[in-house]
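This report introduces one protein structure to a reader who has not met it before. It begins with charged pairs and then turns to the overall fold and the confidence of the model.

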Amino acid sequence: MAARPRFTSRATVLVLVLCSLVAILAYPTRQFISQRSEITAQRARAEHARQQVEQLRREKARWQDPEYVKAQARTRLHYAMPGETPYIAVDPAAKDPAKSSLGAPPPAQGPAAGAVKAARPWYASVWDSVDAAAAAPAAPVTPAAPAQPAPSSPPAPVPAGDSPSHDH
């Protein structure tokens, strides 16, 4: 008997057809998998949006209650009912200067700083705050000038020794 070739023409054609099918289906399969992950991400975003909408609906329902509005006005805006005397307690040892209504610098650290602060009179602190306010850069205020027509002649020259002074 004669030796048969290892690959017949039928086997070669079958391998080529299978390889072409794999090549043809690879891109759509990859797209399918990526679209499935996008769908999952969109569902998660939609669920998160639903939860936010539900939370906002609950908050809106709370704001419809007049007692809740009164309580929020009292705590957030420091409102008081007629006849009441509102008090605001200020912590002198507050660490956050942003919360201070006077905008004073934060207190110094350490036990010696407390003794120095206690030894200073109250008007020294007031004067320091005035100095700090004076040192703060102010935004230039320019008054609105009325519209005037352009002069027909050039302005008069200023003599060399008479330069305008700029006092700030």
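The structure, which is a predicted model, holds five salt bridges. In general, side chains of opposite charge can pair when their charged atoms come close. Three of these pairs, including their N to O distances, are set out below.

| Salt bridge | Closest N to O distance |
|---|---|
| Arg50 and Glu47 | 3.3 Å |
| Arg57 and Glu54 | 4.0 Å |
| Glu84 and Arg74 | 3.1 Å |

**Pairs within helix H1**

Arg50 and Glu47 are joined by a salt bridge, with 3.3 Å between the closest N and O atoms. Both residues belong to helix H1, where a spacing of three residues places them about one helical turn apart. Arg50 is exposed, its relative accessible area being 52%, whereas Glu47 is partly exposed at 37%.

Arg57 and Glu54 also form a salt bridge, at 4.0 Å from N to O. This pair lies in helix H1 as well, with three residues, or about one turn of the helix, from one partner to the other. Arg57 counts as exposed, with a relative accessible area of 54%; Glu54 is partly exposed, with a relative accessibility of 38%.

**A pair between helix H2 and a loop**

The salt bridge of Glu84 with Arg74 brings their closest N and O atoms to 3.1 Å. Arg74 lies in helix H2 (66–77) and Glu84 in the loop between helices H2 and H3, so this pair ties together parts that are 10 residues apart in sequence. Glu84 is partly exposed, at 40% relative accessibility, and Arg74 is likewise partly exposed, at 36%.

**Fold and surface**

The secondary structure of the protein chain consists of four helices and zero strands. Along the sequence, this gives the pattern α-α-α-α. The chain has 168 residues, of which 3% count as buried. Its exposed surface is about 16,100 Å², and carbon and sulfur atoms supply 64% of that area.

**Confidence of the model**

How confident is the prediction, as given by the mean pLDDT of the protein chain? The mean is 77, and 64% of the residues reach 70 or more. Confidence is highest in helix H1 (residues 9–63), with a mean of 95, and lowest in helix H3 (residues 111–119), with a mean of 56. Over residues 99–105 the pLDDT is below 50, and this stretch has one contact in the model beyond near neighbours in sequence.

How values were computed:
Residues numbered from 1 in each chain as written. Predicted model: local features only at pLDDT ≥ 70, side-chain atom pairs only at ≥ 80, totals over all residues. Heavy atoms only, no water. pLDDT = per-residue confidence, 0-100. Helix = DSSP H or I, 4+ residues; strand = E, 2+ residues; numbered from the N terminus. Contact = heavy atoms within 4.5 Å. Buried < 20%, exposed > 50% of the residue type's maximum accessible area, 1.4 Å probe, protein only. Areas by Shrake-Rupley, 256 points an atom, 1.4 Å probe, with all protein chains shown as cover. Salt bridge = Lys/Arg side-chain N within 4 Å of Asp/Glu carboxyl O.
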